[in-house]
Amino acid sequence: MPDITLVIDDDPSFNAILVRTLERRGLPAHGALTPATALELARQTPPARVILDLNLAGSSGLALIPELLAINPDCRIVVLTGYASIATAVDAVKLGAVQYLAKPVEIEAILAAFADDGPDLDLAAPDTPLSVDRLEWEHIQRVLNENDGNISATARALKMHRRTLQRKLAKRPVRG
C-alpha cells in the first residue's frame with residue numbers, strides 16, 4: 001500500500017500549505033476539501049495517514065473516521081481542531097483516531113502524533129483544576145455533541161437562549 005498522507009480540511013489555504021509542507025519532508029500527500037472528495041481519494045489510494053479537521057463546513061469530521069478505517073484499517077488518523085474539547089477528543093479516540101491536536105499546531109507535533117505508539121504513562125495529572133469558564137466550555141461541547149451539532153436543540157437542553165449559546169460558541173475556548 002502506498003505511503004500517502006490524506007489531508008482533509010475545508011480551509012483551502014491551510015490544506016494546501018499542509019500538503020506542501022508534508023511533500024517537502026518527503027511524505028507524499030493529497031488534499032481534500034470535502035468529505036465526499038476525501039472518501040473518493042481514499043478509495044483510489046488508501047492513505048497510511050490522515051490529518052482530519054474536526055469541523056468540515058459545519059459537519060463533523062468524526063463521521064469520516066469509521067469510513068476511512070473501513071478503507072484501510074491500519075490507517076493512522078490525527079484529528080485537528082480550532083475548538084478543542086474533552087468530549088470530542090474522547091469521541092475521536094473511541095472512533096479510532098490515534099491523536100487529537102488543537103490548532104494552531106506545528107508540523108512536528110503532527111508527525112510526532114503519527115509516530116506515537118501509545119500514551120505516556122509517566123505524565124503527571126495537572127496541579128490545578130479546570131477554570132469555571134473552561135468547565136462551561138467543556139459542558140457545552142459535550143451537550144452539543146450529544147445533539148449532533150444542533151444549536152437549537154443544545155440551547156434547549158442547556159436551558160439557554162439560542163443567541164447566547166451562539167455567542168459562547170463563537171468565542172475561542174479558554175485554556176485550562
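Colleague: What makes strands β3 and β6 a pair in this predicted model?

Modeller: Strand β3, residues 49-53, and strand β6, residues 76-81, run in the parallel sense and share 5 bridges. Pairing requires at least two bridges, so the pair qualifies. Within it, Val-50 has Ile-77 of β6 as its bridge partner.

Colleague: And what makes β1 and β2 a pair?

Modeller: The reasoning is similar: they are joined in the parallel sense by 4 bridges, and at least two are needed. Ile-8 stands opposite Ala-32 in β2.

Colleague: Where do these strands sit in the sheet, and why are β2 and β7 called edge strands?

Modeller: The sheet is open and has 5 strands in the order β2-β1-β3-β6-β7, with parallel pairing. Strands β2 (29-32) and β7 (99-102) each pair on one side only, and these are the edge strands. From one strand to the next, the twist averages 20°.

Colleague: Which helices lie across β2?

Modeller: Helix α1, residues 12-24, lies across β1, β2, β3 and β6, at about 175° to β2. Helix α2, residues 35-44, lies across β1 and β2, at about 150° to β2. In addition, β1, α1 and β2 make a right-handed β-α-β unit.

Colleague: How do you know that the buried residues of α3 line one face of the helix?

Modeller: In α3, residues 64-71, the buried residues are Leu-64, Ile-65, Leu-68 and Leu-69. Viewed down the axis of α3, they fall within an arc of 130°, so they line one face. Their cover includes β1, α2, β3, β4, β6 and α4.

Colleague: Why is the contact between Asp-3 and Arg-49 called a salt bridge?

Modeller: Their closest N and O atoms are 2.6 Å apart. The cut-off is within 4 Å, so the pair counts as a salt bridge. Asp-3 lies in the segment before β1 and Arg-49 in strand β3, so the pair ties together parts 46 residues apart in sequence.

Colleague: Why is Arg-49 called buried, and why is Asp-3 called partly exposed?

Modeller: Arg-49 has 12% relative accessibility, and buried means under 20%, so Arg-49 is buried. Asp-3 has a relative accessible area of 41%; exposed means over 50%, so Asp-3 falls in between and is partly exposed.

Colleague: How many salt bridges are there in the whole structure?

Modeller: The search finds 3. Among them, Arg-25 and Glu-108 have their closest N and O atoms 2.7 Å apart. Arg-25 is in the loop between α1 and β2 and Glu-108 in helix α5, so this pair ties together parts 83 residues apart in sequence.

Terms used:
Residues are numbered from 1 along each chain as its sequence is written. This is a predicted model: local features need pLDDT of at least 70, side-chain atom pairs count only at pLDDT 80 or more; totals for chains, interfaces and linings use all residues. Side-chain values use heavy atoms; hydrogens and water are left out. Axes are lines fitted to C-alpha atoms, for helices over the stretch in contact, and angles run from 0 to 180 degrees between N-to-C directions. Contact means heavy atoms within 4.5 Å. Buried means under 20% relative accessible area, exposed over 50%, partly exposed in between (1.4 Å probe, protein chains only). The arc is that of the directions from the helix axis to the C-beta atoms. A crossover is right-handed if, with the strands pointing away from the viewer, the path from the first strand over the helix to the second runs clockwise. A salt bridge is a side-chain nitrogen of Lys or Arg within 4 Å of a carboxyl oxygen of Asp or Glu.
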